[in-house]
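Open the structure in your viewer and follow the stops below in order. Each stop says what to select and what is there.

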Protein chains: 2
Amino acid sequence: MQLLSKKFEILDLAQEMMQKRGYNGFSYADISEAVGIRKASIHHYFPSKASMGVAVIRRYRKIFNGHLENIDKEEKNWLNRVNKYTKLYEPVLLENKLCLCGMLAADIETLPKILKKEIRDFFVDNVDWLSNNLKLHYKNISKKRLSELSWKIIASLQGAIMMARMSDNVDIFFFTAKELLIQLEKSN
Amino acid sequence: MQLLSKKFEILDLAQEMMQKRGYNGFSYADISEAVGIRKASIHHYFPSKASMGVAVIRRYRKIFNGHLENIDKEEKNWLNRVNKYTKLYEPVLLENKLCLCGMLAADIETLPKILKKEIRDFFVDNVDWLSNNLKLHYKNISKKRLSELSWKIIASLQGAIMMARMSDNVDIFFFTAKELLIQLEKSN
DNA sequence: TAATGTCATCCTACTAGTAGGTAGGTATAT
DNA sequence: ATATACCTACCTACTAGTAGGATGACATTA
């Protein structure tokens, strides 16, 4: 018994590949080589690529939501919370990756149905969290508008990380995030 | 002689596939079937997939820059111009596609080198155009800041179209674009 | 006018390599 | 004895790409 280490190695590699190259940009062979296991053995842990994808997304979502809970504990101010939210993306960019679900959002048309649902759920969590925090600031604001503002924040950050990586210029992300925060602070 | 119609049919299909499914999400077989030509015959027009990709991007860029020129002719007000810029993305979203170069930006790590350069050039054109128009409004502003503001606009729109398509909710794009315009109008 | 050559536009038939996945086995630990 | 954690060997379907040929339009030449 190796304490499931191989399983987690596979999961880690699959996640990295998905964040760097997209769902259609890697294969079992890539993982096999990097983890040091035979291709067929990957099927012992994940019977299909789709099931592997689901496992990766669920873990990612769980960890991400954990970060959001931590932010709520560490910060009481809504703007500081959103600021820390944007900071969650920084290490991802610095490792030349995209947000897992941002990348898969681009791939959405090619994904197995079961994966699509998981990705949408991830973003529903994000919108909910952002809405709850924006509500602390914007009094008497409709749920619809809270959702719109949340989506705007998410879209801007996802686009920014994509453009920053493509241009090999991390400042594109940093500046966009900063602008976002400034505008939120000014608004009411 | 068929006036190159097959070549353009291939180009059209390849572009649609790239915008809907990404560079790794389609194959010669897909195009072959849709255009009604044998797989091998595609190589008559495009010796490699990379060369096909380059042709698609160059044409897309040329047409897109044509739209930007038209906007400059039709509108003299900087804000109206940027507004029309955001409108360029609407038909793309309504056809369930992404901006070609936005999609390829996500795929960037898996692309042949020659494609990467073409994509970056597309966005350089976009930043230049936006910078020139923002300059009409923001007096005494540095080139660097013009570039930052332009990248912010591009990133927000690219992210918005991606999130809108994934969520099957076009309003995510419409609202983000509208907010962008409102903020530009207010700023100085 | 008729024969000839050239070129574009396809085709059939094929290649090496890769994709995800399966069948059935072995070694080890509990 | 049973389950976990691998393995070898294999499969079918698909990947981009190649070799070489057929067809037909058009221009050149005899």
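How far does a polar side-chain atom of Ser27(B) lie from a phosphate oxygen of DNA strand D? Select Ser27(B) and DNA strand D: the distance is 3.0 Å. Keep in mind that this is a predicted model.

Now go to chain A and select Ser41(A). One of its polar side-chain atoms is 2.6 Å from a phosphate oxygen of DNA strand D. Add Arg38(A) to the selection. Here a polar backbone atom is 2.8 Å from a phosphate oxygen of the strand.

Next, show every residue around DNA strand D; there are 19. Those that come nearest are Arg38(A), Ser41(A) and Tyr45(A), along with Tyr28(B) and Lys49(B). On the side of the strand, 67% of the atoms that come within 4 Å of the protein belong to sugar and phosphate.

Colour this surface by residue type. Nine of its residues are nonpolar, six are polar and four are charged.

Then colour by helix. Select α3 (39-45) of chain A, then α2 (28-35) and α3 (39-45) of chain B: each supplies at least two residues of the surface near DNA strand D. The largest share, four residues, is that of α3(A).

Last, hide the DNA and look at the two protein chains. Chain A is superposed on chain B by a rotation of 180 degrees, with 0.0 Å of shift along the axis and an RMSD of 0.0 Å. The two copies are therefore related as by a two-fold rotation axis. Select the interface residues of chain A: 100% of them are also interface residues in chain B, so the copies meet through the same surface.

Conventions: Residues are numbered from 1 along each chain as its sequence is written. Chains are lettered from A and ligands numbered from 1 in the order in which they are written. This is a predicted model: local features need pLDDT of at least 70, side-chain atom pairs count only at pLDDT 80 or more; totals for chains, interfaces and linings use all residues. Side-chain values use heavy atoms; hydrogens and water are left out. Copies are superposed by least squares on the C-alpha atoms of residues with pLDDT of at least 70 in both. Contact means heavy atoms within 4.5 Å. A residue is near a molecule or strand if one of its heavy atoms lies within 4 Å of it. A polar contact is a pair of N or O atoms within 3.5 Å; within protein, one must be able to donate a hydrogen and the other to accept it, and residues adjacent in sequence count only if both atoms are side-chain atoms. Ala, Val, Leu, Ile, Met, Phe, Trp, Tyr, Cys and Pro count as nonpolar, Asp, Glu, Lys and Arg as charged, and the others, Gly among them, as polar.
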